[in-house]
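Student: I would like a close look at a single part of this model. Please take me through the surface beside the DNA, and then follow one helix from there into its chain.

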Protein chains: 2
Amino acid sequence: MSDLLERLRGRGWRMTSQRRVVAEVLDGDHVHLTADEVHALAVGRLPEISRATVYNTLGEMVSLGEVTELSTDGRAKRYDPNAHRPHQHLVCSGCGVIRDVHPAGDPLTDLPPDQRYGFTVSAAAITYRGLCPECS
Amino acid sequence: MSDLLERLRGRGWRMTSQRRVVAEVLDGDHVHLTADEVHALAVGRLPEISRATVYNTLGEMVSLGEVTELSTDGRAKRYDPNAHRPHQHLVCSGCGVIRDVHPAGDPLTDLPPDQRYGFTVSAAAITYRGLCPECS
DNA sequence: ATCCTATGATGGACTGGGTCCAGGTCAAGA
DNA sequence: TCTTGACCTGGACCCAGTCCATCATAGGAT
């Protein structure tokens, strides 16, 4: 059921009830929760869990590469458990809803050598913006 | 000299010494300052200018479409005066330095219709990441 | 040149998102 | 079952940004 939890377990992560709850809350597709939203959902299952633990746990998941961070609105960061399958994001300028999308081709190949300024470029994150059906 | 200032003047913007200083400080290529950096530089020319005014002025410039906001590190937003020429950003994962880059082609065309979920997609922002020559 | 007034500036309080830390707790190996 | 180092807690703290009551002034009207 919980892919994310399985992947973390496989890395020898010390399993605690707090970490289990955070991983369960965050699991799924098109999930892009803020840390406070994760905390609110986690409290529903484990009332004593602290905000600091949620922040720490999310930070560790990001370091392990099992979760990615995105900040689409300059406010709270959002956490995306779908890190094992590379993808980009489509954000509604009206209501802020976010979809995972898969553009054609590899965005890295669109950056010509003379535009790389000697960098070793390793990743590209794309945020598409527009209006969703409800907002347009 | 100040392209940004000229463009703002041409829009009938009420010109004050504070706005002039903010526009001057922000003008140029590959400029990606935070609001507090803009404030620090502005204070050098106009010691009494307040933080609130810098925030207000930057916000107005963004609304007018003369300056774009970017948040590459999830911390302070950065302001880019180069809004009249569309471009993307290349960020060093080591030191955080930012370059303006111009990828080949239009990123919007890489998003197939079946990946648009009924959205009217109007823009795409790409952040390339890698290591700059000094950090690699 | 001077006056008037709406627009802009000020600074200090306040908020939201996030980090830090000292002390208490517990998972899991021996 | 014991031990211990990793983990959790809650509260203080920090930074980026916003709000607001009051003061200042750009620039049109006279």
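Tutor: Start with DNA strand C in this predicted model. Around the strand there are 24 residues. Those that come nearest are Ala52(A), Lys77(A), Gln18(B), Ala52(B) and Thr53(B). Both chains supply elements that give two or more residues to this surface. From chain A these are α3 (35-45) and α4 (51-63). From chain B they are α2 (17-26) and α4 (51-63). The largest share, four residues, comes from α4(B). Sorted by class, the surface near strand C has nine polar, eight charged and seven nonpolar residues.

Now take α4 of chain A. Its length can be checked. The helix has 13 residues, so at 1.5 Å a residue it should span 18 Å. Its end C-alpha atoms are 18 Å apart, which agrees.

Next, look at which way its residues face. Val54(A), Thr57(A), Leu58(A) and Met61(A) are buried in α4(A). These four cover an arc of only 100 degrees around the axis, so they sit on the same side of α4(A). The spacing rule behind such a pattern is simple. An α-helix has 3.6 residues a turn, so residues three or four places apart point the same way. On the other side of α4(A), Ala52(A) and Ser63(A) are exposed. Ala52(A) is also one of the residues that come nearest to DNA strand C.

What covers the buried residues? The cover includes α2 (17-26), α3 and β3 (78-80), each from chain A. Just after α4(A) comes Gly65(A), with a positive phi of about 80 degrees.

Step back to the chain that holds this helix. Chain A has four helices and six strands. From the N terminus on, the order is α-α-β-α-α-β-β-β-β-β. The C-alpha trace spans about 50 × 40 × 25 Å along its principal axes. Of the 136 residues in chain A, 30% are buried. Among contacts with a separation of 6 or more, 49% join residues 24 or more positions apart.

Chain A is divided into domain 1 (4-80) and domain 2 (88-130). Their centres, taken over C-alpha atoms, are 24 Å apart. Six residues from domain 1 and seven residues from domain 2 take part in the contact. On the domain 1 side, three of these residues are polar, two are charged and one is nonpolar.

Methods: Residues numbered from 1 in each chain as written. Chains lettered and ligands numbered in written order. Predicted model: local features only at pLDDT ≥ 70, side-chain atom pairs only at ≥ 80, totals over all residues. Near = placed C-beta within 6 Å. Nonpolar A, V, L, I, M, F, W, Y, C, P; charged D, E, K, R; others polar. Domains from an automatic or database assignment. Contact = placed C-beta atoms within 7 Å. Buried ≥ 20, exposed ≤ 12 C-beta atoms within 10 Å, placed from the backbone. Expected span 1.5 Å × (residues − 1). Arc of directions from axis to C-beta.
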